[in-house]
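Subject: Handing over the model

Hi,

Here is the structure I promised to send over. Have a look at it first, and then read on for what turned up.

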Amino acid sequence: MFSETGLAIDELFIGETNFIANASNFASFVYHNFSDMNWVGFYFLSNNELVLGPFQGNPACVRIALGKGVCGNSALQRKAIIVENVNDFPGYIACDPHSKSEMVIPVIHSGKLYGVFDIDSPVQNRFSVKELELFESYLELLLNSSNLIPLECYYHI
Ligand code: SME
C-alpha cells in the first residue's frame with residue numbers, strides 16, 4: 001500500500017532509526033491511508049502506566065493505568081483487543097466522543113512490552129482480524145527498523 005506521498009509502509013523508515021520519528025510517521029501513514037479512523041496513535045509504558053505518544057487525531061487522555069480501559073487491558077494481558085461497540089466494553093475510557101469502535105495492539109519487541117498502538121473509529125464494528133494482522137505486520141516493520149533504546153530512557157520502560 002502506498003501513502004498519499006507515494007511512500008509504501010516499508011519505505012517510511014528507510015535511513016531512519018529514531019523510534020519517535022518513525023512512530024510518528026507510522027501513525028500518520030495509518031490515519032491517512034485507511035477509512036473511518038478518527039484517532040490513531042501510541043501509548044508507551046512509563047513507570048508502570050501508559051503515557052501518550054505520537055498520534056493523529058484530537059488531543060487525548062495522557063495517562064492510562066495498566067488494566068484500565070481498552071489500552072490498559074491490552075497492555076496488561078499483552079494481547080490485541082478488538083471492541084465492536086465501545087459502549088459494551090466495561091471501563092472503556094472515552095477520550096473522543098466520536099469513537100464507536102476500537103482496536104488496540106500491544107507493542108512487544110524481543111519479549112518486552114513497550115506500550116500499545118490504538119485505533120479509534122467513528123463507525124461501529126469497524127475492525128477485522130484480517131486488518132489486525134496487517135497492522136501487526138506493520139508494527140513489526142516499525143520495531144525492526146527502529147532503535148528502541150532512547151525510548152526506554154525517555155519513557156522509563
Ligand atoms: N479508549 C481508550 C483510551 C484511549 S483513546 O481511545 C485515544 C481506552 O479505553 O483505553
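Let me start with the elements around the ligand: strand 1, helix 2 (69-77) and strand 6 (112-121) each supply at least two residues of its shell. Helix 2 gives the most, with three residues. Before you go further, bear in mind that this is a predicted model.

In total, 13 residues surround the ligand, and the closest are Val70, Cys71, Ile93, Glu102 and Asp120. By character, the shell breaks down into nine nonpolar residues, one polar and three charged.

Three of those closest residues also come up in the polar contacts, so to speak:

- Asp120 has an N or O atom in its side chain 2.8 Å from an oxygen atom of the ligand.
- Cys71 places a backbone N or O atom 2.9 Å from a ligand oxygen.
- Glu102 has a polar side-chain atom 3.0 Å from a nitrogen atom of the ligand.

As for how covered the ligand is, it exposes 310 Å² when taken alone, and the protein buries 100% of that. The space that the ligand takes up is the largest cavity.

Now back to strand 1, which contributes to the shell and also belongs to a run of paired strands. Strand 1 (residues 39-46) pairs with strand 2 (residues 49-57) in the antiparallel sense, over seven bridges. Within that pairing, Leu45 stands opposite Leu50 of strand 2. The two strands make a hairpin with two residues between them, and in this hairpin Asn47 takes a positive phi near 50°.

Strand 2 has a further partner in strand 3 (residues 63-65): they pair in the antiparallel sense as well, over three bridges. Here Glu49 has Ala65, in strand 3, as its bridge partner. Strand 2 and strand 3 form a hairpin too, with five residues between them.

If you only have a minute, I'd go to the ligand and look at Cys71, Glu102 and Asp120, then follow strand 1 across to strand 2 and on to strand 3.

Cheers

Note on methods. Residues are numbered from 1 along each chain as its sequence is written. This is a predicted model: local features need pLDDT of at least 70, side-chain atom pairs count only at pLDDT 80 or more; totals for chains, interfaces and linings use all residues. Side-chain values use heavy atoms; hydrogens and water are left out. Two strands pair if DSSP finds at least two bridges between them. Helices (H or I, at least four residues) and strands (E, at least two) are DSSP runs, numbered from the N terminus. A residue is near a molecule or strand if one of its heavy atoms lies within 4 Å of it. A polar contact is a pair of N or O atoms within 3.5 Å; within protein, one must be able to donate a hydrogen and the other to accept it, and residues adjacent in sequence count only if both atoms are side-chain atoms. Accessible areas come from the Shrake-Rupley method with a 1.4 Å probe; for residues, only the protein chains shown count as cover. On a 1 Å grid over the protein atoms alone, a cavity is a set of points where a 1.4 Å probe fits but cannot get out, and a pocket is an open set with protein on both sides within 12 Å along at least five of seven lines; lining residues have an atom within 4 Å of a point. A molecule sits in a cavity or pocket if more than half of its atoms lie within 2 Å of its grid points. Ala, Val, Leu, Ile, Met, Phe, Trp, Tyr, Cys and Pro count as nonpolar, Asp, Glu, Lys and Arg as charged, and the others, Gly among them, as polar.
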